[in-house]
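Work through the exercises below with the model open. Try each task before reading its solution.

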Amino acid sequence: MTRISRSEGLSVNSSQFTLGGEPFHLLGGSLDYFRVPRAYWKDRMMKMKACGINTLTTSVPWNLHQPGRGEFQFHGGLDLETFLHQAVGVGLWVILRAGPYIGSELDLGGLPSWLLRDRQMKLRSTYPGFTEAVNAFFDKLIPKVVPLQFKKGGPVIAVQVEREYGSFAVDSDYIPFLKEALQSRGISELLLTADSHEGLKSGGVSGALRTLNLRKLNYDDIKYLEAVQPNSPMLVMEYWTGWFDGWGDLHHTFPPEDMVAVVREVLRRGMSINLYMFHGGTNFGFMSGALANRSYKALVTSYDYDAPLSEAGDYTPKYHLLRDLFSRYSSLPDMPVLRWKESYEAAIMYQHLFLWDALPFTQEPFKSRTPVNMENLPVNNNNGQAYGYTLYETSITTGGFLKSGNSIRDRALVFVDRSFIGLFDYKTVELAVPDGKEERTLSLLVENCGRVHYGRTIDHQRKGIVGDVLLNNVPLRDFTIYSLDMTQSFIDRSVRSLPNKPSFPAFFQGRLFVDGYPGDTFVKLPGWSKGVIFINGQNIGRYWDVGPQQALYIPGPFLNSGINQVTFVFFRLKQIVSLYFASPIHPLILTTSVVPAEEKHSHSMMLPPPCFTVGIVFIEC
């Protein structure tokens, strides 16, 4: 970074910002460290710098940093301090979105699920149970940030207080509480709030700059911000460069020319802007959130966002148009060379385990007269179950009609004596149970598809079975409950040798061979239905054949040269049409394909050509 006075940080002076006492035009881009492999942080930052970006914005995911009360993680891919130091090396300033709520299409908006163990919990408020948890988290987080503030020689020029609280606004004391929580722990740089038009007034707080979130440049929005906050520079804190996708929807795109036209007009008006997202990355694992507008909609694993840098860090037409525009304001460094993408041979599957054969390897099951939701299960040091699946079993002695009401969150495969009889979700709430007078086992395998990340239903995001399930209008009772959180330790304990006729739902484990230095690739699963994929213990994310996402991104740093362990956890019951088997000595080899350029778009999520493919073929029962 150029030498600059550190005596005065980012300041608001009438119609412009100053930094170090000099005029400063903020050109920002959002890049979240937890959505990008640590090995690629610098690469993505250098591409931002080469485009003309001078400020990086990043969000802090509380749920990842504190998976349980008293458990904090700030290492590896969550090493925020190293991420901020790398920004210094590249020459980028930083705006830190410290939370505690960040939204960002993350599960529960980045809040930890263990908060929901408290039945009276009121998230995003001054409810004592929430503020106590926030204070405990900030006691760990903020001391890591304080030395990296601008006036102390670091890159952090501003800190955002919460996100879009104006549209939530249930507690007028909440934002002032957060402001005090930050400043009392040593945050001395400029504070910001960020809201859309309707939340600008109620989402702000005295002493913090109000900023605007938008997709299209509406002059009424600008005039309203000027009226609410006169004599201040204008900052579009979130200019949405694209949008996120839900399972079963079409892929969202935003024409490059339209996006750049708005940026051009913002600059013409002398306003500052932050591009959300500049690089979206990937919601690895179970991190994707969900929508609750009208009906529940789970979000895909990819967070490509149709951003200027693609999910895999490739340049897009948006990037080139932005670089051309920003180059008119200053000279730019050369664009970094792109990383090579690789095509690999098919994964070789050699181990399998039927779901019920895996149960002895789980934690001790929990018995309860009534159903218990995931978050309140007595597991994980009494932090409950955050993600994955939960199996509920009880005995029945009759057939009839099974009604879920609104008690299944979010999908459940239903079995009688391990035979599949149907599916519960938000639309299907009644199933027929075959007649039978003898005692049988009714099993409900419930999947948490992701908690809603935005809106007023956020307090009601408990998962699993959250109320009564009725058989012939009589509530089911006396459950045995298995927590299947899909941690790697559970997977390693569970998977065994591959039988000639594998049953479903099931776990498959196999090998992918990488010759030479690993490169980025994509895994495609034609014929598979729904499940989760692990590569060398890393949860790559959810897969679902309803699309629009047709392939999952596998970063090169997740692969090893030589043998790689691949685990597929598939819970959607299917009937096998064609499947090639072999003994462990001659393992099952699955089909492979590389997608031709003319077939990149499907439904219409782009599928990059380099990939390896898993090709067991199924049809619906």
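## Exercise 1: the annotated pair

Glu238 touches Arg97, Arg163, Leu212, Asn213, Leu214, Asn274 and Tyr276, leaving out residues up to four places away in sequence; contact means heavy atoms within 4.5 Å. This is a predicted model: local features need pLDDT of at least 70, side-chain atom pairs count only at pLDDT 80 or more, and totals for chains, interfaces and linings use all residues. Residues are numbered from 1 along each chain as its sequence is written, and side-chain values use heavy atoms, with hydrogens and water left out.

Task: place Glu238 and Glu164 in the fold, and state whether each is buried or exposed.

Solution.
- Step 1. Start with the record. UniProt, in an unreviewed entry, puts the feature "active site" at Glu164 and Glu238. Its positions are given in the numbering used here, feature names are shortened, and annotations may be inferred rather than shown by experiment.
- Step 2. Check the spacing. The two are spread over 75 residues of sequence, yet they cluster in space, with a largest C-alpha distance of 10.5 Å.
- Step 3. Locate Glu238. It is in strand S10 (residues 235–240). Helices (H or I, at least four residues) and strands (E, at least two) are DSSP runs, numbered from the N terminus.
- Step 4. Apply the burial classes. Buried means under 20% relative accessible area, exposed over 50%, partly exposed in between (1.4 Å probe, protein chains only). Glu238 has 0%, so it is buried.
- Step 5. Repeat for Glu164. It sits in the loop between strand S7 (156–160) and helix H5 (174–183). Its relative accessibility is 7%, so Glu164 counts as buried too.
- Step 6. List the contacts of Glu164. Beyond residues up to four places away in sequence, it touches Arg124, Ala194, Asp195, Ser196, Asn213, Trp240 and Tyr454.

## Exercise 2: the nonpolar cores

Task: find which residues have the most contacts inside the largest nonpolar core.

Solution.
- Step 1. Define the set. A nonpolar core is a set of buried Ala, Val, Leu, Ile, Met, Phe, Trp, Tyr and Cys residues joined through side-chain atoms within 4.5 Å.
- Step 2. Read off the result. The largest core has 137 residues, and Leu141 and Tyr239 have the most contacts inside it.
- Step 3. Find the main contributor. Helix H4 (residues 128–145) gives the most to this core, with eight residues.
- Step 4. Look around Leu141. Leaving out residues up to four places away in sequence, Leu141 touches Val60, Phe74, Leu80 and Ala98.
- Step 5. Separate the other core. It lies apart and has 22 residues, among them Val379, Leu431, Leu444 and Leu471.

## Exercise 3: a three-stranded sheet

Task: give the strand order of the open sheet and say which strands stand at its edges.

Solution.
- Step 1. Set the criterion. Two strands pair if DSSP finds at least two bridges between them.
- Step 2. Order the strands. Three strands form the open sheet S1-S2-S3, with antiparallel pairing.
- Step 3. Mark the edges. Strand S1 (11–13) and strand S3 (22–24) each have a single partner strand, so one side of each is left without a neighbour in the sheet.
- Step 4. Inspect one pair. Strand S2 (residues 16–19) and S3 run antiparallel and are joined by three bridges. Phe17 has Phe24 in S3 as its bridge partner.

## Exercise 4: backbone details

Task: locate the cis peptide bonds before Pro100 and Pro548, and the positive phi values at Asn382 and Asn536.

Solution.
- Step 1. Take Gly99 to Pro100. This bond is cis, with omega near 10 degrees. Pro100 lies in the loop between strand S6 (93–97) and H4.
- Step 2. Take Gly547 to Pro548. This bond is cis, with omega near 10 degrees. Pro548 lies in the loop between strand S31 (538–544) and strand S32 (551–554).
- Step 3. Turn to Asn382. It is not a glycine, yet its phi is positive, about 60 degrees. Its loop runs between strand S15 (366–368) and strand S16 (389–396).
- Step 4. Finish with Asn536. Its phi is near 50 degrees, a positive value in a residue other than glycine. Asn536 is in the loop between strand S30 (530–535) and S31. Its relative accessible area is 28%, so Asn536 is partly exposed.
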